[in-house]
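I opened my notebook to look up a few things in this fold, from its cores to its odd backbone angles. Here is what I went through, entry by entry.

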Amino acid sequence: MKLQLSLLVAIYALVVVGAAVFQRRFTYFPDRRLIHPADAGMSGVEELRLATDDGETIVAWHVPPREGRPLILYFHGNGGSLADRVPRFRIFVASGYGLLAVSYRGYGGSSGSPTETGLVRDGEAAYREAHTLGYESDRIVLMGESLGTAIATILAGAHDSAALVLDSPFSSAVDLAATHYWMLPTRWLLRDRYRSDLAIGDVHVPVLVVHGDKDDIVPIILARRLFDLANEPKTFLWVAGGGHLVLDSPDTFPRVREWIDARTNAKRPRGHE
């Protein structure tokens, strides 16, 4: 019995060590290929190269807005590349919104390797670029999906913007890891912690949280936990039967668009749907 117990303890210890050493492989799933917008099926996109303050070069996609419409400064999730978000980006552009979407370090043609500190620096570079392109803060809507909601929230707490939109957010990566890997001491091990719960208190612009109640990647309870910490004005858009990433679903996006338009005083042309 003692031998079996010792063996189990040794196996568990190895699992914990392995999780600690290789944790970023379980956090980031980049597609490192550089895929040009046109090759991804999206025309009219300017491909930019942005310099971060620590010397990396990251790729970004830019589409200017129609007159009177805001720019969506977009931060994607932990997997794939910008090319995987083309259907979503098309909806934004068709609605007249501008788009500046950043490909994090280590993703889609950008240099470097992803870490929390690095992704925040990438976000800062994207925010600076938005101003360089001529967009005033009150015309910038910060938007993130999943992991990108943490980057968007941190930026919203540090810089002026018109609004913050979060699709399938979590309170922190620590809470999320504890949900999926409850058998491991994740609160001790995790290096990239993405504490949106600490950053959201510094956000003083309207906040929209969009979340599906059937999300099995980020449980909706973690989104609600973050929402409860947010300052007013704030709106929680609960999508019944929705899974992970629901903002662009046909029944949801019109409500998101209406919310953004109201917060940015955007006037939609008569007859436009």
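The entries below follow the order in which I looked things up.

**Entry 1: the model.** I am working with a predicted model, where local features are taken at pLDDT of at least 70.

**Entry 2: the cores.** I began with the largest nonpolar core, which has 49 residues. I asked which of them touch the most other members, and found Phe75, Leu142, Leu164, Phe170 and Tyr194. A second core lies apart from that one; it has 30 residues, including Trp61, Ala162, Val165 and Val256.

I then listed the contacts of Phe75, leaving out residues up to four places away in sequence. Phe75 touches Val102, Tyr104, Gly123 and Ala126, then Leu142, Met143, Gly144 and Glu145, and also Gly148, Ile151, Ala152 and Leu155.

**Entry 3: helix H4.** Next I looked at H4, which covers residues 147-158. How many of its twelve residues are buried? I found nine, so I noted this helix as mostly covered, since buried means under 20% relative accessible area. They are Leu147, Gly148, Thr149, Ala150, Ile151, Ala152, Thr153, Leu155 and Ala156. As for partners, the buried residues of H4 pack against strand E4 (71-75), helix H3 (116-132), strand E7 (140-145), E8 and H7.

**Entry 4: helix H8.** I moved on to H8 (residues 220-229), whose buried residues are Ile220, Leu222, Ala223, Leu226 and Phe227. Looking down the axis of H8, I see these buried residues within an arc of 155 degrees, so they line one face of the helix. They pack against E8, helix H5 (173-180), helix H7 (196-199), strand E9 (207-212) and strand E10 (234-239).

**Entry 5: Asp167.** My next stop was Asp167, in strand E8 (residues 163-167). Is Asp167 buried or exposed? I put it down as buried, because its relative accessibility is 0%. Beyond its neighbours within four places in sequence, Asp167 is in contact with Arg88, Gly144, Glu145, Ser146, Thr149, Val210, Leu245, Val246 and Leu247.

**Entry 6: backbone angles.** I kept a general reminder here: most residues other than glycine have a negative phi, and most peptide bonds are trans.

Which phi does Ser168 have? I read a positive value of about 60 degrees, although Ser168 is not a glycine. Ser168 sits in the loop between E8 and H5, and it is buried, with a relative accessible area of 0%.

Tyr194, also not a glycine, has a positive phi of about 45 degrees. I located Tyr194 in the loop between helix H6 (186-189) and H7. Tyr194 counts as buried because its relative accessibility is 1%. I had already met Tyr194 in Entry 2, among the residues that touch the most other members of the largest nonpolar core.

For the peptide bonds, I noted that the one from Glu232 to Pro233 is cis, with omega near 0 degrees. Pro233 belongs to the loop between H8 and E10.

**Entry 7: empty space.** Last, I searched for cavities. Rolling a probe the size of a water molecule over the atoms shows where empty space is left. I found one cavity of 30 Å³ or more. The largest cavity has a volume of about 50 Å³.

What lines the largest cavity? I listed Arg33, Leu34, Ile35, Val59, Trp61, Ser81, Leu82, Ala83, Ser103 and Gly108. Sorted by class, this lining comes to six nonpolar, three polar and one charged residues. Trp61 is familiar from Entry 2, where I noted it as a member of the core of 30 residues.

Key. Residues numbered from 1 in each chain as written. Predicted model: local features only at pLDDT ≥ 70, side-chain atom pairs only at ≥ 80, totals over all residues. Heavy atoms only, no water. Helix = DSSP H or I, 4+ residues; strand = E, 2+ residues; numbered from the N terminus. Buried < 20%, exposed > 50% of the residue type's maximum accessible area, 1.4 Å probe, protein only. Contact = heavy atoms within 4.5 Å. 1 Å grid on protein atoms, 1.4 Å probe; cavity = no way out; pocket = protein on both sides within 12 Å on 5 of 7 lines; lining within 4 Å. Points joined across faces, edges and corners; volume = space filled by probe spheres on them. Nonpolar A, V, L, I, M, F, W, Y, C, P; charged D, E, K, R; others polar. Arc of directions from axis to C-beta. Core = buried A, V, L, I, M, F, W, Y, C linked by side-chain atoms within 4.5 Å.
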